[in-house]
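Reader: Hello! I am new to this structure and would love a close look at one part of it. Could you walk me through a single helix and its surroundings?

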Amino acid sequence: MQSTSPRSSVALFSALLAAVVVTGGLAGPALATGGPAGPEPASAAAASPTDRAVADSTGAVASAPLQAQRDRPENPTTEDTVGYVAGYWYDDELPVDDQTNAVVEDDELAPVVYRAMARVERIRNLTFEDEVSVDVVSRAEYRRTNGDRFTNLTAAERLEQNVGYEALFTVDRNTAAADATKSLYGGAVKGYYDPQSDEIVIVSENPETPELDELTLGHELVHALQDQRFNLSELTGSTQDETLATDGLVEGDAKRVELEYENRCAYEWACLSPSTDDRGISSDVNWGIYFAVYQPYSDGPDYVTHRRYQGRGWSAVDAAYDDPPTTTSAVIHPGSEREPANVSVPDRSGDGWRQLTVDGDAASDTVGEAGMVAMFVADAFGSNRQPVIEQGDFLDGGPGYDYNQSVTNGWAGDRLVVYTNDDAANASAPSAAGDAGYVWRSEWQSATDAQEFVDGYLRLLETHGAEQVDDRRNAFRIADGGYSGAYYLERNGSTATIVRAPSVDELSAVEAGVAPAGEDSLELPASDESNESDKIPGFGPSAAAGAICLAVLGVGTRIAVSRGRLRIDPRGRNRNRD
């Protein structure tokens with residue numbers, strides 16, 4: 001199916017779209033995918049108290065069709081009338097509504113796009129300024145044109161990425177992090193918006209006659225609307241955590257609109273839905289990556305609802321683009337507006353070790369609360385190891401994921417810095433990560449919070465076969481496997497420090513003074529003989545994962561997820577936004 005450009009008389013969309021996470025950076029790219037969506041009211045009457053209060057003041061949740069008809073101006077315009085685009089109202093009937101599938105021919109696509117734009121306007125209470133073209137392609141076509149998107153990295157960027165994933169026990173050194181990311185997205189991308197070509201692409205599972213998913217289209221149109229109204233290129237973040245936090249606003253906004261769009265499709269609007277089932281996520285999905293990038297889509301909608309309620313409407317969300325959240329903690333705990341502590345990791349390396357540099361800067365990142373939760377819960381879904389966060393606690397009996405976990409919710413700040421030597425610099429990826437090292441320092445709201453995190457990390461080491469090193473203070477060794485090496489842990493008040501090196505003797509070369517001779521103050525927990533998690537029967541990739549959306553841009557690879565949709569947004573290093 002060819003693309004259509006609905007309004008040629010108006011300039012095409014400008015710059016970017018907001019997506020999600022990481023750029024060839026540390027744990028950054030280690031985040032991404034969709035999961036179960038939380039409940040959304042089908043009408044103002046069925047809404048939560050928060051949404052009813054917002055609806056009462058803004059009419060944003062749902063309004064009666066007859067009242068809407070009476071409110072329509074006699075001479076509507078695309079630029080000034082909410083819910084009206086290029087001659088089409090949001091509730092107009094189209095010939096495609098009577099189809100049993102979602103195949104849209106070339107001459108029918110423009111009206112479908114116009115009406116979808118009007119529907120997004122109706123929900124979001126903003127009008128589009130420019131047009132966007134839309135194309136529907138098969139998955140085979142998508143793979144053919146996007147196969148190299150994840151692997152265009154320099155050697156230093158690869159090493160930084162591999163070590164960052166390994167630090168979170170997400171991708172072991174036998175696998176390149178870029179390959180793990182590519183594998184996750186390759187079979188599940190559902191659609192994307194490319195600001196460089198002003199185009200939305202919907203990926204269909206029907207290879208012969210590609211079908212259009214109107215909900216994916218609506219989600220991508222929200223990003224185009226955000227870009228026109230709030231200039232998303234101005235939203236920057238220098239770390240993975242800050243990027244995810246910003247995406248908590250951007251993706252939360254789009255997902256909140258999408259959920260309301262879906263509700264109206266159920267009770268008010270005729271909408272196009274593919275007849276072919278979504279592929280979902282394959283059984284070998286990397287859950288550490290999945291859960292990290294999923295967080296903005298999981299907590300973002302509630303964060304946006306909180307902003308609407310506090311500010312009495314969508315105008316409060318609009319204002320948030322001038323002052324977006326700076327940590328995932330602020331999105332996980334709406335109203336806290338947590339600012340990150342300044343965590344310093346000065347270079348104390350020696351004996352041939354040095355901080356890895358990428359583009360002249362030390363290779364470092366802030367993992368943040370969301371990334372730490374993903375690290376601790378991944379084993380609950382993807383392995384037979386005993387997880388730090390149990391599956392039942394993460395699901396918490398509700399329809400979505402619970403990122404507010406006691407082992408991480410006292411987070412105040414962190415910094416993970418990659419160290420290298422000649423062996424690591426000259427090795428080929430991904431094995432180079434085994435020859436590298438890192439220092440990961442985190443600040444917590446209290447000494448108790450810091451100790452709870454350290455205890456959780458000790459449990460993680462134990463499940464991967466770590467053993468205490470005799471006569472070396474707080475030193476641990478994993479002898480075999482993809483995470484083999486030496487680890488040092490220390491808590492000093494509310495500060496926790498983790499150092500990793502290829503061997504015990506090299507720990508003090510990565511960070512001078514660590515793992516001295518002496519008695520331990522920390523011990524590995526007793527091994528769980530059963531070594532089994534409380535996994536919920538029947539909960540697997542098909543139940544947890546939704547489709548993936550891809551947002552294309554710039555340089556590098558950034559990944560974003562949504563509750564039900566995963567979006568990948570390639571952006572340059574140091575958060576050069578789309």
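Author: Happily! The side chain of His 219 makes a polar contact with the side chain of Glu 251, at 3.1 Å; such a contact is a pair of N or O atoms within 3.5 Å, where, within protein, one must be able to donate a hydrogen and the other to accept it, and residues adjacent in sequence count only if both atoms are side-chain atoms. This is a predicted model, where local features need pLDDT of at least 70 and side-chain atom pairs count only at pLDDT 80 or more, while totals for chains, interfaces and linings use all residues. Residues are numbered from 1 along each chain as its sequence is written, and side-chain values use heavy atoms, with hydrogens and water left out.

His 219 sits in helix 7, residues 214-230; helices here are DSSP runs of H or I with at least four residues, numbered from the N terminus. His 219 is buried, with a relative accessible area of 0% (buried means under 20%, with a 1.4 Å probe and protein chains only). Its helix is mostly covered too: 16 of the 17 residues in helix 7 are buried.

From its first C-alpha to its last, helix 7 reaches 24 Å, close to the 24 Å expected at 1.5 Å a residue; that expected span is 1.5 Å times one less than the number of residues.

Now for the two ends. Asp 213 caps the N-terminal end of helix 7, with a side-chain oxygen 3.0 Å from the backbone nitrogen of Leu 215. Just after helix 7, Asn 231 takes a positive phi of about 50°.

Note on methods
Helix = DSSP H or I, 4+ residues; strand = E, 2+ residues; numbered from the N terminus. Buried < 20%, exposed > 50% of the residue type's maximum accessible area, 1.4 Å probe, protein only.
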